[in-house]
Amino acid sequence: MVAPSPYSLIATDLDGTLLRGDDTLSERSLAALARAGRAGARHLVVTGRPAPRVRPLLDDLGCTGLAVCGQGAQVYDAAADRLLWSVTLDRELAETALGKIEAEVGQVYAAVDQDGVDGLTLIEPGYLMPHPTLPALRVDRRDDLWCAPISKVLLRHHTLSDDELATTARSVVGSLATVTMSGPGTVELQPCGVTKATGLALAADHLGLSPRQAIAFGDMPNDIPMFDWASYGVAMANAHPELKAVADEITLSNEDDGIAVVLERLFP
């Protein structure tokens, strides 16, 4: 399927989408985004990573504008190094949700992303970071995870797949939180009703842009709300089947510069 004419807003996920497996950006992708920028398009990073884990990548992109972080719970202003908008996950609700999940599947291992531009990622004993390159602070007890406001909880199980854990979590958590899956080994609880589309809509409104002007790129089920919001959704070849099922187009993988392939066609 051939995409419509060029867009004014390019929304890209990071992990598995714009970033290669080694957390780097290819020269071809950078050049394609720069070309689109010269044509007047705005690029918005829309990621599950919290703002503190996104800053170095925004520097590599030369981005001094807005970014949507924390699965939509944060809209970050890179130029001012501040959050224009953020919403936190109630810590008591998070504990209750964890208890309900463990009552169904046994022990899970948890981590949290703290709120704020300098928030830490805390991990309890037994939790393994899905991205070893991302900094995290190990705490002694689960209770230590709740020492400061948080934007989300990350979950792992020693035997269940991500799909199995996410499905069970959704069935028992209800309105306590939104359950999403954002990558291998990454099932998350975030504030109820908050998705990538929430933050993207706020950022786009701040820029005076609308969904009909937006093209979105992603690879995981947490990108489905973003695809629903945008006019056109492009899934990577390495994307989860749930996202491919709702995509308008499937491009090459993140390792093969799938975003650049589409942008080079749209902005020749």
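1. A residue is called buried here when its relative accessible area is under 20%, and partly exposed when that area lies between this cut-off and the 50% above which a residue counts as exposed. By that rule D257, in this predicted model, is buried, because its relative accessible area is 14%. D257 is found in the loop that runs between strand 14 (249-250) and helix 9 (258-266), and it has a positive phi of about 60 degrees although it is not a glycine. Most residues other than glycine have a negative phi, and the backbone at this position therefore deserves a look when reading the model.

2. A second aspartate invites the same kind of reading. D81 has a positive phi of about 50 degrees, again without being a glycine, and its place is the loop between strand 4 (74-77) and strand 5 (82-86). Is D81 buried or partly exposed? With a relative accessible area of 34%, D81 is partly exposed, whereas D257 is buried.

3. Positive phi values are also found at glycines. Just after helix 3 (residues 51-61), G62 takes a positive phi of about 70 degrees, and in the hairpin of strand 6 and strand 7, where 6 residues lie between the strands, G116 takes one near 100 degrees. Helix 3 itself has A51, P52, R53, V54, L57, L58 and L61 as its buried residues.

4. The sheet can be followed strand by strand. It is an open sheet of 6 strands in the order 8-7-6-9-11-10, with mixed pairing. Strand 8 (137-138) and strand 10 (178-183) stand at the edges, and because each has a single partner strand, one side of each is left without a neighbour in the sheet. Strand 7 (residues 121-123) and strand 8 run parallel and are joined by 2 bridges, with L137 in strand 8 as the bridge partner of L122.

5. Strand 6 (residues 109-114) has neighbours on both sides in the strand order. It runs antiparallel to strand 9, to which 6 bridges join it, and antiparallel to strand 7 as well, through 3 bridges. What stands opposite V112 in each of these two strands? In strand 9 the residue is V153, and in strand 7 it is L122, the residue whose partner in strand 8 is L137.

6. Burial adds to the picture of strand 6. Of its 6 residues, 6 are buried, so strand 6 is largely enclosed by the rest of the structure. Both of its faces are covered, with Y109, A111 and D113 buried on one side and A110, V112 and Q114 buried on the other.

7. Towards the other edge, helix 5 (residues 162-173) lies across strand 9 (150-156), strand 10 and strand 11 (186-190), and it runs at about 170 degrees to strand 10. Within strand 10, S182 is a residue to examine. S182 counts as buried because its relative accessibility is 16%, and its side chain makes a polar contact of 3.0 Å with the side chain of E188. Leaving aside residues up to four places away in sequence, S182 touches Q71, E188, M220 and N222.

Key. Residues numbered from 1 in each chain as written. Predicted model: local features only at pLDDT ≥ 70, side-chain atom pairs only at ≥ 80, totals over all residues. Heavy atoms only, no water. Pairing = 2+ DSSP bridges. Helix = DSSP H or I, 4+ residues; strand = E, 2+ residues; numbered from the N terminus. Contact = heavy atoms within 4.5 Å. Axes fitted to C-alpha atoms, helices over the stretch in contact; angles between N-to-C directions. Buried < 20%, exposed > 50% of the residue type's maximum accessible area, 1.4 Å probe, protein only. Polar contact = N/O pair within 3.5 Å; in protein donor to acceptor, adjacent residues only side chain to side chain.
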